[in-house]
Amino acid sequence: MPEFKNMYRTLPDGTLKHINPLTGTEVWTVPDRAHRPLNKAIHQPKALQTTNPENYCDFCEANYFKTPPEKNRLIQTPDGFYQILDHLSPDDLYNSQAILRRVSNFFEIVTLDYWIKNHGFQKSVDQTLWQKKYLANPRALVHVLQMITTKLKLIGKTSEELTQMSQEEKLRLAESFFGGAHELIIVHKHFKSGAQFDTDLVSSGELTSEEHYQYLRFSISALNDIYANNRFVRYVSVFQNWLQPAGASLEHLHRQLVGIDEWGASIESELEIVRQNPNIYNEAIINFSIAQNLIVAENDHAIAVAELGHRFPTLVIYSKSRQVRPEDHTAEELRSVSDLIHACHAATGNQVPCNEEWYYTPRDAKVLMPWHILIKWRTNNLAGFEGGTKIYINPISPMAQKNLLIPKLNELRQQGKIKNLIIGDECPSKPNPLLYGKK
Ligand SMILES: [Zn+2]
């Protein structure tokens, strides 16, 4: 792969220069620049006063009424089966324990108003019926009005302004709870069982592999629903911000899905590069990572690499499937992808702020990209040098990141906390494992 050799080179002084073949981002890793040890607590742990049910933030079990009306939830039946309950009445919210909940985002990035005014969007039949049924319940009406009052106060409305507003006006503002395309998937637990300190948080890696798989599957069913309810959505951006330095407002695990009416600049430019070389993900990422010994872990349907050319130390999990969208994967393929994402989060630890970002082929794209999931460790801050030069200093090289992870992955597998993967040198490293789009 001669055309990629200049994208990853070490200079005589030890400086590693690396360029991401998909984005062109230029990154330097300078020797001896100190970085924090992995998973050091981001603040001094404080003893935790536990509550039952959990009541530490608005996403906790005690606060089902502090989120917008629930679109659906995942529960486990007494005989162990998973079941989705749609559009629960407020009277039933506490009749079951939600493993996962799906609600609209309180503050949308792309608002319902955007869809209505720019596209002439009208709520789907399903959304309209749900809204009508929900608001017909007196308890639900109080819930929705309370949510709107809270929202208006947060955006600076005074009590006087609020009392002057009619109920109709407030209910109009609540339309986004039912018809919006920015959603949250909330995991049931805030802290781990037996937590003693406020740092004992449930991150993606602290879930069991089964819980992580259910979280992934439930997120994909939400993604499908966003497309089904809004025909103007061209792409659903899926991401997870973990801890405040990564942009999370609450330290309670949740994933976000935002329907957008374009692909977004990064997908656009990446697909332009793929158009030139459709096999680029194999050639420039996977085969290259095999040659450079940067494969972190692998299983039947997914492969994880410490990827070059990112501003932050970044692990990327690629699906090997022929299918190019998460919703088209088989259950077995999803399980494999989930197990590798879960293992990467578990080895990263719950004290490392990180963003998880999904990339996949938009429904209206002809050029194909494999579904891949980035986990970016937000352990370094960008500074003036980066702004001025567009050269980014990433203190952890892909090799150093891989070397931090391998012992941790081995340890977690030994403890039975992660499964269905082979690690580092165990990987067969056969070239061209990504089958995206192949018949
Ligand atoms: Zn919470």
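**Helix α8, the nonpolar cores and local backbone features**

On the other side of helix α8 from its buried residues, Ala265, Glu268, Glu272, Arg275 and Gln276 are exposed. The model described here is a predicted one, and the buried residues of α8 in this model are Ile267, Glu270 and Val274. Seen down the axis of α8, these buried residues fall within an arc of 70°, so they line one face of the helix. An α-helix has 3.6 residues a turn, so residues three or four places apart point the same way. The cover over the buried residues of α8 includes strand β8 (235-242), helix α9 (280-291) and strand β13 (354-359). The length of α8 (residues 265-276) was also examined: at 1.5 Å a residue its 12 residues should span 16 Å, and because its end C-alpha atoms are 17 Å apart, the two values agree.

In soluble globular proteins, nonpolar side chains tend to be buried together. The largest nonpolar core in the model holds 81 residues, of which Ala304, Val305, Ile317, Leu340, Ala343 and Cys344 touch the most other members. Helix α10 (residues 331-348) supplies the largest share of this core, namely eight residues. When neighbours within four places in sequence are left aside, Ile317 is in contact with Ala302 and Ala304, with Val337, Leu340, Ile341 and Cys344, and also with His372 and Ile373. A second core, separate from the largest one, consists of six residues, among them Ile148, Ala174, Phe177 and Phe178.

Strands of a sheet pair through backbone hydrogen bonds, either parallel or antiparallel. An open sheet in the model is built from four strands in the order β1-β2-β3-β15, and its pairing is mixed. Strands β1 (8-10) and β15 form the edges of this sheet, each pairing on one side only, and the twist from one strand to the next averages 20°. Between β1 and strand β2 (residues 16-19), the pairing is antiparallel and runs over three bridges, with Thr10 standing opposite Leu16 of β2.

Most residues other than glycine have a negative phi, and most peptide bonds are trans. Against this background, three places in the backbone were noted. The peptide bond from Asn52 to Pro53 is cis, with omega near 0°, and Pro53 lies in the loop that runs between β3 (26-29) and β4 (70-76). Lys390, although not a glycine, has a positive phi of about 60°; this residue is found in the loop between α11 (384-389) and β15 (391-393). Lys390 counts as exposed because it has 10 C-beta neighbours inside 10 Å, the limit for an exposed residue being 12 or fewer. Asn432, likewise a residue other than glycine, has a positive phi near 55° and lies in the segment after β16 (422-423). With 14 other C-beta atoms within 10 Å, Asn432 is partly exposed.

A further loop position is that of Gly120, which is found between α1 (112-119) and α2 (125-135). Gly120 is exposed, since 8 other C-beta atoms lie within 10 Å. The C-alpha atoms of Gly120 and Phe232 are separated by 9.3 Å, while the two residues are 112 residues apart along the chain.

Key
Residues are numbered from 1 along each chain as its sequence is written. This is a predicted model: local features need pLDDT of at least 70, side-chain atom pairs count only at pLDDT 80 or more; totals for chains, interfaces and linings use all residues. Helices (H or I, at least four residues) and strands (E, at least two) are DSSP runs, numbered from the N terminus. A residue is buried if 20 or more other C-beta atoms lie within 10 Å of its own, exposed if 12 or fewer, and partly exposed in between; C-beta atoms are placed from the backbone. A nonpolar core is a set of buried Ala, Val, Leu, Ile, Met, Phe, Trp, Tyr and Cys residues joined through C-beta atoms within 7 Å. Two residues are in contact if their C-beta atoms, placed from the backbone, lie within 7 Å. Two strands pair if DSSP finds at least two bridges between them. Axes are lines fitted to C-alpha atoms, for helices over the stretch in contact, and angles run from 0 to 180 degrees between N-to-C directions. The expected span of a helix is 1.5 Å times one less than its number of residues. The arc is that of the directions from the helix axis to the C-beta atoms.
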